[in-house]
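Reader: Please take a close look at the aromatic pairs in this structure. I would like the geometry of the rings and how buried they are.

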Amino acid sequence: MRQRLTLGIAAVLALAAGTWHLVQGHIRATALAGSAHDQPRPHRHHPPHGGTPVAPGDEAFHLELVRDAEAGTLRVYVLDGEMENFVRIAAPRLTLEVDRGGRKDILALRPVADLATGETVGDTSLFQTQAGWLRTTGSFKGVFRDLKIQDQTFQAVPFGFPEGNDKDP
């Protein structure tokens with residue numbers, strides 16, 4: 001009986017020691033993972049429509065440009081600094097000066113209403129234009145003029161298309 005009790009106590013102690021070893025390993029792994037998680041990560045922006053990110057100013061906002069070559073259209077979405085939420089603005093149009101290899105154009109992007117989101121002309125995050133050359137030209141330089149988003153105004157926002165101007169895409 002005494003031998004059986006000694007074996008039982010030894011088994012419990014061995015089991016406890018093994019469990020404690022596993023717990024310590026888990027604590028170490030969690031601490032290491034936490035310290036890696038706490039390290040600063042690169043700041044990344046992911047355009048929700050797979051378009052070109054353009055950051056006016058200090059990246060408090062973003063524009064996402066989406067070209068539809070088949071339709072010859074260019075859509076511009078106004079987004080927050082993280083490119084996660086749409087930002088509605090009251091602009092009657094967005095003015096875009098374009099240089100496509102020496103040929104200069106001015107595009108007026110008109111506000112687009114969306115019944116699904118409740119956006120209306122005068123309170124929308126989507127602007128669109130159409131131009132025949134957008135069907136065949138996939139690369140150009142552009143400058144947005146007099147862009148007003150919430151309480152900020154941006155006089156000239158240059159970018160290249162399709163690369164954009166966002167330093168942290």
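Author: What follows covers the aromatic pairs and then one loop residue. This is a predicted model, in which local features need pLDDT of at least 70 and side-chain atom pairs count only at pLDDT 80 or more, while totals for chains, interfaces and linings use all residues. Residues are numbered from 1 along each chain as its sequence is written, and side-chain values use heavy atoms, with hydrogens and water left out.

A pair of aromatic rings is described by the distance of the centres and the angle of the planes. Rings of Phe, Tyr and Trp (its six-membered ring) pair if their centres lie within 6.5 Å; planes under 30 degrees apart count as stacked, over 60 as edge-to-face and the rest as tilted. The count by this rule is 5 aromatic pairs. Tyr-77 and Phe-86 make a tilted pair, because their ring centres are 6.1 Å apart and their planes are at 50 degrees. Tyr-77 is buried at 10% relative accessible area, whereas Phe-86 is partly exposed at 44%; buried means under 20%, exposed over 50% and partly exposed in between (1.4 Å probe, protein chains only).

Phe-144 and Phe-159 form a stacked pair, with 5.5 Å centre to centre and 25 degrees between the planes. Phe-144 lies in strand E7 (residues 140–149) and Phe-159 in strand E8 (residues 152–161), so this pair ties together parts that are 15 residues apart in sequence. Strands (E, at least two residues) are DSSP runs, numbered from the N terminus. Phe-144 is buried at 0% relative accessibility, and Phe-159 is buried at 5%. Both belong to one aromatic cluster with Trp-133, Phe-140 and Phe-161.

Thr-136, in the loop between strand E6 (126–130) and E7, is exposed at 68%.

Terms used
Helix = DSSP H or I, 4+ residues; strand = E, 2+ residues; numbered from the N terminus.
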